[in-house]
Amino acid sequence: MRPPLWRGLTVPYVTRWSGEAPLGGRPRHTTGGLLAYPIPQEGDWTYGVLWARTASDAGRGEPVSHAIHTARQLTCMRDGLCQMCGNPARTSQGRTLWLLPANEAERIRGNGTPWTRTPPTCHPCMPTALDQLPWLRDGDASAFSVAAAKPAAVFGDIHSPGGHVEVDITVALDETGTLPDLLGRQLLVTLSGLCEEPIVPRSPWAPYLRRSSPDKGPY
Ligand SMILES: [Zn+2]
């Protein structure tokens, strides 16, 4: 699988395109107190959480800056797939390769919680990811190979039964009192058995790519 190009730049597998619209209408609480779409479908809930339903049609329209496609992010996190190309991000030792932004790498080195919502990156895609992903290119990213990744938390929006919505909240999977009110948009995993790996150098064209795609640009 090769990621599509848009205006000469690679579009990551996890990026949402403008043609991939939200589906299902506005979620609401059922009489049992669980957040649900008006017409529930099999597979709406995972880990006790309702997940944002979005059309899956990568390549339709334009890539949306900083927007993540929920179903593809979930697949990458659970199956160890590369956020750039969607192929397995396995090393020759059977470990999974992760490229983490500076803040997450610093937290892990400082014995903080080793969780992340950044999906893996395969070895061949590392230079392109460092050049083009907004959450990796603006700082010193670090590479780790990882023995295992376990689902740990959900990033999304909390819908109160009264209709109030709190956006961009992270809820741990053991916070069972809050999970029924959550509309999940990204999965966080806890990484274990980490080994720091060398960074594959950025492309020599990176400065020119960044100059032609400013912060609010597509990539
Ligand atoms: Zn890749």
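Here is a walk through this predicted model, from its core to its helices and then to a small sheet.

Let's start inside. The largest nonpolar core has 44 residues, and the members touching the most others are Cys82 and Ala129. Quite a few elements feed into this core: strands E7 (49-51), E9 (96-100), E11 (142-146), E12 (148-159) and E14 (182-192), plus helices H1 (70-79), H2 (102-109) and H3 (126-132), each supply at least two residues. E14 gives the largest share, with 6 residues.

Cys82 is worth a stop. Leaving aside residues up to four places away in sequence, Cys82 touches Tyr13, Asn87, Ala89, Pro120, Thr121, Cys122 and Cys125. Two further cysteines, Cys122 and Cys125, are thus among its contacts.

Now for the helices. In H1, the buried residues are Thr70, Arg72, Gln73, Leu74, Cys76 and Met77. They pack against strand E8 (63-68) as well as E7, E12 and E14. Once H1 is over, the chain comes to Gly80, which has a positive phi near 65°.

H2 has its own set of buried residues, namely Glu104, Ala105 and Ile108. Viewed down the helix axis, these buried residues fall within an arc of 100°, so they line one face of H2. What lies over them? The cover on the buried residues of H2 includes E9, E11 and strand E10 (115-116). Just after H2 there is another positive phi, this time at Asn111, with a value of about 65°.

E9 and E11 lead us to the sheet. Three strands make up this open sheet, running in the order E9-E11-E15 with antiparallel pairing. E9 and E15 are the edge strands, each pairing on one side only. On average, neighbouring strands here are turned by 35° against each other, direction ignored. As a general point, strands of a sheet pair through backbone hydrogen bonds, in either a parallel or an antiparallel way.

You can follow the pairing residue by residue. E9 and E11 are joined antiparallel over 5 bridges, and Thr96 has Val146 of E11 as its bridge partner. On the other side, E11 pairs with E15 (residues 195-197), again antiparallel, over 3 bridges. There, Ala143 stands opposite Glu197, while Phe144 has Glu196 as its bridge partner in E15.

Back to where we began: E9 and E11 are both sheet strands, and each also supplies at least two residues of the core. The two strands also help cover the buried residues of H2, with H2 itself supplying at least two core residues.

Note on methods. Residues are numbered from 1 along each chain as its sequence is written. This is a predicted model: local features need pLDDT of at least 70, side-chain atom pairs count only at pLDDT 80 or more; totals for chains, interfaces and linings use all residues. A nonpolar core is a set of buried Ala, Val, Leu, Ile, Met, Phe, Trp, Tyr and Cys residues joined through C-beta atoms within 7 Å. A residue is buried if 20 or more other C-beta atoms lie within 10 Å of its own, exposed if 12 or fewer, and partly exposed in between; C-beta atoms are placed from the backbone. Helices (H or I, at least four residues) and strands (E, at least two) are DSSP runs, numbered from the N terminus. Two residues are in contact if their C-beta atoms, placed from the backbone, lie within 7 Å. Two strands pair if DSSP finds at least two bridges between them. The arc is that of the directions from the helix axis to the C-beta atoms. Axes are lines fitted to C-alpha atoms, for helices over the stretch in contact, and angles run from 0 to 180 degrees between N-to-C directions.
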